[in-house]
Amino acid sequence: MTYAGIVLAGGAARRLSGVDKPALPVGGKPLLSRALAALADADPVIVVGPERPGFGDVVWTRESSPGTGPVAALAAGLALVRSDLVVVLAGDLAGVRKSTVDRLLAGLGRASGAVLVDASGERQWLLGAWRVEALRDALPETVENASLRRTLGGLEIVEVPEEPGESEDIDTPEDLDRLS
(Lines give C-alpha, C1' and ligand atoms only; values in the text may rest on other atoms or scores of the structure.)
Protein backbone atom coordinates (compact mmCIF):
# COMPACT_ATOMS: atom_id res chain seq x y z
CA MET A 1 0.00 0.00 0.00
CA THR A 2 1.50 3.34 -1.00
CA TYR A 3 0.95 6.34 1.22
CA ALA A 4 2.52 9.66 2.12
CA GLY A 5 3.35 10.80 5.62
CA ILE A 6 2.92 14.21 7.20
CA VAL A 7 4.46 15.12 10.55
CA LEU A 8 3.23 18.33 12.16
CA ALA A 9 6.36 19.61 13.89
CA GLY A 10 5.71 23.29 14.54
CA GLY A 11 3.91 24.79 17.47
CA ALA A 12 4.96 27.05 20.29
CA ALA A 13 5.35 24.48 23.11
CA ARG A 14 4.05 27.06 25.58
CA ARG A 15 3.76 24.54 28.43
CA LEU A 16 7.42 23.64 27.88
CA SER A 17 8.72 27.24 27.83
CA GLY A 18 8.93 27.27 24.04
CA VAL A 19 11.48 24.46 23.58
CA ASP A 20 11.68 22.67 20.25
CA LYS A 21 9.52 19.68 21.23
CA PRO A 22 10.24 17.50 18.18
CA ALA A 23 13.97 17.79 18.97
CA LEU A 24 13.56 16.71 22.61
CA PRO A 25 15.32 13.42 23.32
CA VAL A 26 13.16 10.65 24.76
CA GLY A 27 14.88 7.33 25.27
CA GLY A 28 17.97 8.71 23.56
CA LYS A 29 16.16 9.70 20.34
CA PRO A 30 14.56 13.00 19.33
CA LEU A 31 10.77 12.80 19.26
CA LEU A 32 10.78 13.65 15.55
CA SER A 33 12.92 10.56 14.89
CA ARG A 34 10.20 8.42 16.45
CA ALA A 35 7.54 9.79 14.08
CA LEU A 36 9.86 9.38 11.09
CA ALA A 37 10.63 5.76 12.06
CA ALA A 38 6.90 5.06 12.31
CA LEU A 39 6.54 6.42 8.76
CA ALA A 40 9.41 4.31 7.37
CA ASP A 41 7.25 3.02 4.49
CA ALA A 42 5.74 6.40 3.56
CA ASP A 43 6.78 8.20 0.38
CA PRO A 44 7.26 11.07 0.67
CA VAL A 45 7.50 12.06 4.31
CA ILE A 46 6.67 15.73 4.71
CA VAL A 47 7.56 17.59 7.89
CA VAL A 48 5.65 20.80 8.50
CA GLY A 49 7.73 23.02 10.74
CA PRO A 50 11.10 24.72 10.91
CA GLU A 51 13.81 22.76 9.14
CA ARG A 52 16.06 20.84 11.50
CA PRO A 53 19.36 19.25 10.43
CA GLY A 54 20.04 15.55 10.73
CA PHE A 55 16.65 14.05 9.91
CA GLY A 56 17.46 12.43 6.60
CA ASP A 57 15.41 12.33 3.45
CA VAL A 58 12.29 14.31 4.33
CA VAL A 59 10.52 17.17 2.58
CA TRP A 60 10.30 20.31 4.72
CA THR A 61 7.55 22.88 4.41
CA ARG A 62 5.88 25.58 6.47
CA GLU A 63 2.42 26.99 6.81
CA SER A 64 1.86 30.24 4.92
CA SER A 65 1.51 31.86 8.36
CA PRO A 66 3.56 29.80 10.85
CA GLY A 67 2.02 29.43 14.27
CA THR A 68 -1.60 29.40 13.08
CA GLY A 69 -2.43 25.88 14.17
CA PRO A 70 -2.61 22.29 13.05
CA VAL A 71 -5.22 22.81 10.31
CA ALA A 72 -2.95 25.35 8.61
CA ALA A 73 -0.03 22.94 9.01
CA LEU A 74 -2.09 20.06 7.63
CA ALA A 75 -3.06 22.15 4.60
CA ALA A 76 0.61 23.00 3.97
CA GLY A 77 1.57 19.33 4.10
CA LEU A 78 -1.35 18.20 1.94
CA ALA A 79 -0.28 20.64 -0.77
CA LEU A 80 2.74 18.37 -1.38
CA VAL A 81 0.95 15.00 -1.27
CA ARG A 82 0.35 13.20 -4.57
CA SER A 83 -0.87 9.83 -3.26
CA ASP A 84 -4.43 8.83 -2.33
CA LEU A 85 -3.59 8.01 1.30
CA VAL A 86 -1.69 9.91 3.97
CA VAL A 87 -0.75 9.20 7.56
CA VAL A 88 -0.71 12.32 9.75
CA LEU A 89 1.29 12.34 12.98
CA ALA A 90 2.12 14.93 15.59
CA GLY A 91 5.84 15.59 16.03
CA ASP A 92 5.75 15.07 19.81
CA LEU A 93 4.64 11.44 19.99
CA ALA A 94 6.84 9.38 22.28
CA GLY A 95 5.02 6.08 21.82
CA VAL A 96 4.18 5.93 18.12
CA ARG A 97 5.56 2.92 16.24
CA LYS A 98 5.53 1.55 12.71
CA SER A 99 3.02 -1.03 13.92
CA THR A 100 0.74 1.87 14.93
CA VAL A 101 0.82 3.21 11.37
CA ASP A 102 0.26 -0.28 9.96
CA ARG A 103 -2.83 -0.78 12.18
CA LEU A 104 -4.25 2.63 11.20
CA LEU A 105 -3.86 1.86 7.50
CA ALA A 106 -5.35 -1.62 7.93
CA GLY A 107 -8.31 -0.16 9.82
CA LEU A 108 -9.11 2.50 7.23
CA GLY A 109 -11.25 0.28 5.01
CA ARG A 110 -13.58 2.48 2.92
CA ALA A 111 -13.85 5.25 5.54
CA SER A 112 -12.42 8.75 5.15
CA GLY A 113 -10.05 8.24 8.04
CA ALA A 114 -8.87 5.98 10.83
CA VAL A 115 -7.71 7.56 14.07
CA LEU A 116 -6.18 6.11 17.17
CA VAL A 117 -8.44 6.22 20.22
CA ASP A 118 -6.66 6.37 23.56
CA ALA A 119 -7.55 4.39 26.68
CA SER A 120 -9.98 7.11 27.84
CA GLY A 121 -11.89 6.95 24.53
CA GLU A 122 -10.51 10.21 23.11
CA ARG A 123 -9.79 10.41 19.41
CA GLN A 124 -6.19 11.33 18.71
CA TRP A 125 -6.64 13.61 15.70
CA LEU A 126 -2.90 13.78 14.99
CA LEU A 127 -2.48 10.03 14.91
CA GLY A 128 -4.44 8.92 11.88
CA ALA A 129 -4.55 7.51 8.36
CA TRP A 130 -6.67 9.44 5.86
CA ARG A 131 -7.95 9.52 2.32
CA VAL A 132 -6.29 12.62 0.87
CA GLU A 133 -9.35 13.71 -1.11
CA ALA A 134 -11.53 13.61 2.03
CA LEU A 135 -9.00 15.72 3.96
CA ARG A 136 -8.73 18.28 1.19
CA ASP A 137 -12.51 18.50 0.91
CA ALA A 138 -12.83 18.97 4.68
CA LEU A 139 -10.39 21.88 4.89
CA PRO A 140 -12.14 25.16 5.63
CA GLU A 141 -11.68 28.15 3.35
CA THR A 142 -9.62 29.83 6.09
CA VAL A 143 -7.25 27.27 7.60
CA GLU A 144 -5.46 29.62 9.97
CA ASN A 145 -6.53 29.04 13.58
CA ALA A 146 -9.28 26.61 12.52
CA SER A 147 -10.32 23.81 14.88
CA LEU A 148 -8.85 20.43 13.92
CA ARG A 149 -11.67 18.57 15.68
CA ARG A 150 -14.30 20.60 13.84
CA THR A 151 -12.48 20.21 10.51
CA LEU A 152 -12.11 16.43 10.70
CA GLY A 153 -14.94 15.46 13.06
CA GLY A 154 -17.61 15.35 10.36
CA LEU A 155 -15.76 12.78 8.26
CA GLU A 156 -16.54 9.07 8.33
CA ILE A 157 -13.94 7.82 10.80
CA VAL A 158 -12.91 4.37 12.00
CA GLU A 159 -11.65 4.33 15.58
CA VAL A 160 -8.58 2.15 16.15
CA PRO A 161 -7.98 1.31 19.83
CA GLU A 162 -4.50 2.17 21.01
CA GLU A 163 -2.06 -0.41 22.22
CA PRO A 164 -0.44 0.61 25.51
CA GLY A 165 1.56 3.82 25.19
CA GLU A 166 1.04 4.51 21.48
CA SER A 167 -0.59 7.90 21.97
CA GLU A 168 1.85 9.10 24.64
CA ASP A 169 3.01 12.61 23.81
CA ILE A 170 5.05 15.35 25.44
CA ASP A 171 3.14 18.47 26.44
CA THR A 172 4.50 19.30 29.89
CA PRO A 173 7.75 18.95 31.86
CA GLU A 174 6.02 16.15 33.80
CA ASP A 175 5.35 14.26 30.56
CA LEU A 176 9.00 14.59 29.61
CA ASP A 177 10.16 13.36 33.03
CA ARG A 178 7.75 10.42 32.93
CA LEU A 179 8.63 9.30 29.40
CA SER A 180 12.37 10.00 29.30
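Seven strands form an open sheet in this predicted model, in the order E5-E4-E1-E6-E8-E7-E9 with mixed pairing. Strands E5 (59-61) and E9 (157-161) sit at the edges, each pairing on one side only. From one strand to the next, the twist averages 25°. Let's walk through the sheet and then its charged side chains.

**Sheet and helix**
- Strand E7 (residues 113-117) and E9 run parallel and are joined by five bridges.
- Within E9, Glu 159 is the bridge partner of Val 115.
- Helix H2 (residues 70-78) lies across E1 (4-8), E4 (45-48), E5, E6 (85-90) and E8 (123-131), and runs at about 150° to E1.

**Salt bridges around Glu 166**
- The model has seven salt bridges, and one of them pairs Glu 166 with Arg 97 at 3.9 Å, N to O.
- That pair links distant parts of the chain, 69 residues apart: Glu 166 is in the loop between E9 and helix H6 (173-179), and Arg 97 is in the loop between E6 and helix H3 (98-108).
- Glu 166 counts as buried because its relative accessibility is 0%, whereas Arg 97, at 32%, counts as partly exposed.
- Glu 166 also forms a salt bridge with Arg 103, with the closest N and O atoms 2.6 Å apart.
- Here Arg 103 is in helix H3, 63 residues from Glu 166.

**Salt bridge between E9 and E8**
- Glu 159 forms a salt bridge with Arg 123, the closest N and O atoms being 2.7 Å apart.
- This pair links strand E9 to strand E8, 36 residues apart in the chain.
- Glu 159 is partly exposed at 43% relative accessibility, and Arg 123 is partly exposed at 27%.

**Network**
- Arg 97, Arg 103, Glu 163 and Glu 166 are joined into one network by salt bridges that share partners.

How values were computed: Residues are numbered from 1 along each chain as its sequence is written. This is a predicted model: local features need pLDDT of at least 70, side-chain atom pairs count only at pLDDT 80 or more; totals for chains, interfaces and linings use all residues. Side-chain values use heavy atoms; hydrogens and water are left out. Two strands pair if DSSP finds at least two bridges between them. Helices (H or I, at least four residues) and strands (E, at least two) are DSSP runs, numbered from the N terminus. Axes are lines fitted to C-alpha atoms, for helices over the stretch in contact, and angles run from 0 to 180 degrees between N-to-C directions. Contact means heavy atoms within 4.5 Å. A salt bridge is a side-chain nitrogen of Lys or Arg within 4 Å of a carboxyl oxygen of Asp or Glu. Buried means under 20% relative accessible area, exposed over 50%, partly exposed in between (1.4 Å probe, protein chains only).
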